[in-house]
Amino acid sequence: MRLLAALLGLACGCLTGLLLLAANLPARFDTPFTLSSDNLTRLDERGTVARGMSASALDLLGLEANGPAAFGDPALRHARLALSLLQPDSGGAPALGVKLSASSADNSLLRGRLFADSAWSVAWPGHGSLFLVGYDDYWPLLADSLAALLRSGRLEPRPGAYLLSGRRRPTRFQGVVGASGALAEFAGRYREWLVVGDAGRSGYLEIEPHSR
């Protein structure tokens, strides 16, 4: 009888812990990151090729096995390099985007932090290039994965679009700066979305310009 009570207490404790992690109470006190206008340029990722960790919350936690695209060096275990064609929603020539991301050093489950620091280099041949510097918040994917585990026993997020730039981090810069060509004087902000689907993962960027 005591063993049964101990097992029930352990199960209840684990369930309570999962619910508290999914609720992410510390994040509810954070300031949301928003864009202030509708003058946005959307760039859809096409044909992404990546090396390193996968774009998942579980990989940031070290809970996924190394795949064939993982880096062999242990120092790069939590780093990711991705190459994508970025297609503007308004039409026109696609850009070449290179994204480098790595797990943030201050991540903490108790504090509701599961971030990757990231940087994009985006180049349009014959037009110019941009740098996008910021961070990705993988907690929404983790929370949805935990909810799915409680519902169906599968630790996977539901298909849909997840905002990776939903929280403001006062200690991190989030913005867009011009690098070369006709875009050298460009400045603005951006946010990134990760799209989870049955056929895999993709995403898109939304860029908002502002005057320097």
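Across the protein chain of this predicted model, pLDDT averages 81, and 81% of the residues score at least 70. Here are some exercises to work through with the structure open.

**Exercise 1. Overall layout**

Task: Find how many helices and strands the protein chain has, and in what pattern they follow each other along the sequence.

Solution:
- Start with the count: there are three helices and nine strands.
- Next, read along the sequence, which gives α-β-α-β-β-β-β-α-β-β-β-β.
- Then look at burial: of the 212 residues in the protein chain, 36% are buried.
- Turn to contacts between residues at least 6 apart in sequence: 61% of them join residues at least 24 apart.
- Finally, note a stretch to read with care. Over residues 9-15 pLDDT stays under 50, and the model has one contact beyond four places in sequence for them.

**Exercise 2. The span of helix H3**

Task: Work out what span the 14 residues of helix H3 should have, and compare it with the distance between the end C-alpha atoms.

Solution:
- Helix H3 covers residues 139-152.
- The expected span is 1.5 Å times one less than the number of residues.
- For the 14 residues of H3 this comes to 20 Å.
- The end C-alpha atoms of H3 are 20 Å apart, so the expected span and the model agree.
- Now for burial along the helix: the buried residues of H3 include Trp 139, Leu 141, Leu 142, Leu 146 and Ala 148.
- As background, residues three or four places apart in an α-helix point the same way, because there are 3.6 residues a turn.

**Exercise 3. The nonpolar cores**

Task: Determine which elements supply the largest nonpolar core, and which of them gives the most.

Solution:
- The largest nonpolar core has 16 residues, and Ala 57, Leu 60, Leu 114, Tyr 138, Leu 141, Leu 142 and Leu 194 are those with the most contacts inside it.
- Helix H2 (57-60), H3 and strand E8 (187-197) each supply at least two residues of this core.
- H3 gives the most, with five residues.
- Zoom in on Leu 142: beyond four places in sequence, Leu 142 touches Ala 57, Leu 61, Leu 109 and Leu 114.
- Apart from this core lies another, of 12 residues, among them Val 122, Leu 132, Leu 205 and Ile 207.

**Exercise 4. Strand E5 and its partners**

Task: Establish which strands pair with E5, and over how many bridges.

Solution:
- Strand E4 (residues 115-124) runs antiparallel to E5, and 10 bridges join the two.
- To check the register, take Ala 116: its bridge partner in E5 is Asp 136.
- The hairpin of E4 and E5 has three residues between the strands, and Gly 126 takes a positive phi near 85° there.
- E7 also pairs with E5 in the antiparallel sense, over six bridges.
- In that pairing, Val 133 has Gly 175 in E7 as its bridge partner.
- As for cover, eight of the 10 residues of E5 (residues 128-137) are buried.

**Exercise 5. Lys 99: buried or exposed?**

Task: Classify Lys 99 by its accessibility, and find which side chain makes a polar contact with it.

Solution:
- Lys 99 lies in strand E3 (residues 95-103).
- Its relative accessibility is 8%; buried means under 20%, so Lys 99 counts as buried.
- A polar contact of 2.9 Å joins the side chain of Lys 99 to that of Glu 192.
- Residues that Lys 99 touches beyond four places in sequence include Arg 80, Ser 118, Trp 120 and Asp 136, as well as Glu 192.

**Exercise 6. Ser 104 and Ser 121**

Task: Give the location and burial class of Ser 104 and of Ser 121.

Solution:
- Ser 104 is in the loop between E3 and E4. At 5% relative accessibility, Ser 104 is buried.
- Beyond four places in sequence, Ser 104 touches Phe 115, Ala 116, Asp 117 and Arg 169.
- Ser 121 lies in strand E4. Its relative accessible area is 31%, so Ser 121 is partly exposed.
- Ser 121 and Phe 131 are 10 residues apart along the chain, while 4.8 Å separates their C-alpha atoms.
- Beyond four places in sequence, the contacts of Ser 121 include Leu 96, Gly 97 and Val 98, along with Leu 130 and Phe 131.

Definitions and conventions:
Residues are numbered from 1 along each chain as its sequence is written. This is a predicted model: local features need pLDDT of at least 70, side-chain atom pairs count only at pLDDT 80 or more; totals for chains, interfaces and linings use all residues. Side-chain values use heavy atoms; hydrogens and water are left out. Helices (H or I, at least four residues) and strands (E, at least two) are DSSP runs, numbered from the N terminus. Buried means under 20% relative accessible area, exposed over 50%, partly exposed in between (1.4 Å probe, protein chains only). A polar contact is a pair of N or O atoms within 3.5 Å; within protein, one must be able to donate a hydrogen and the other to accept it, and residues adjacent in sequence count only if both atoms are side-chain atoms. Contact means heavy atoms within 4.5 Å. Two strands pair if DSSP finds at least two bridges between them. A nonpolar core is a set of buried Ala, Val, Leu, Ile, Met, Phe, Trp, Tyr and Cys residues joined through side-chain atoms within 4.5 Å. pLDDT is the predictor's confidence in each residue, from 0 to 100.
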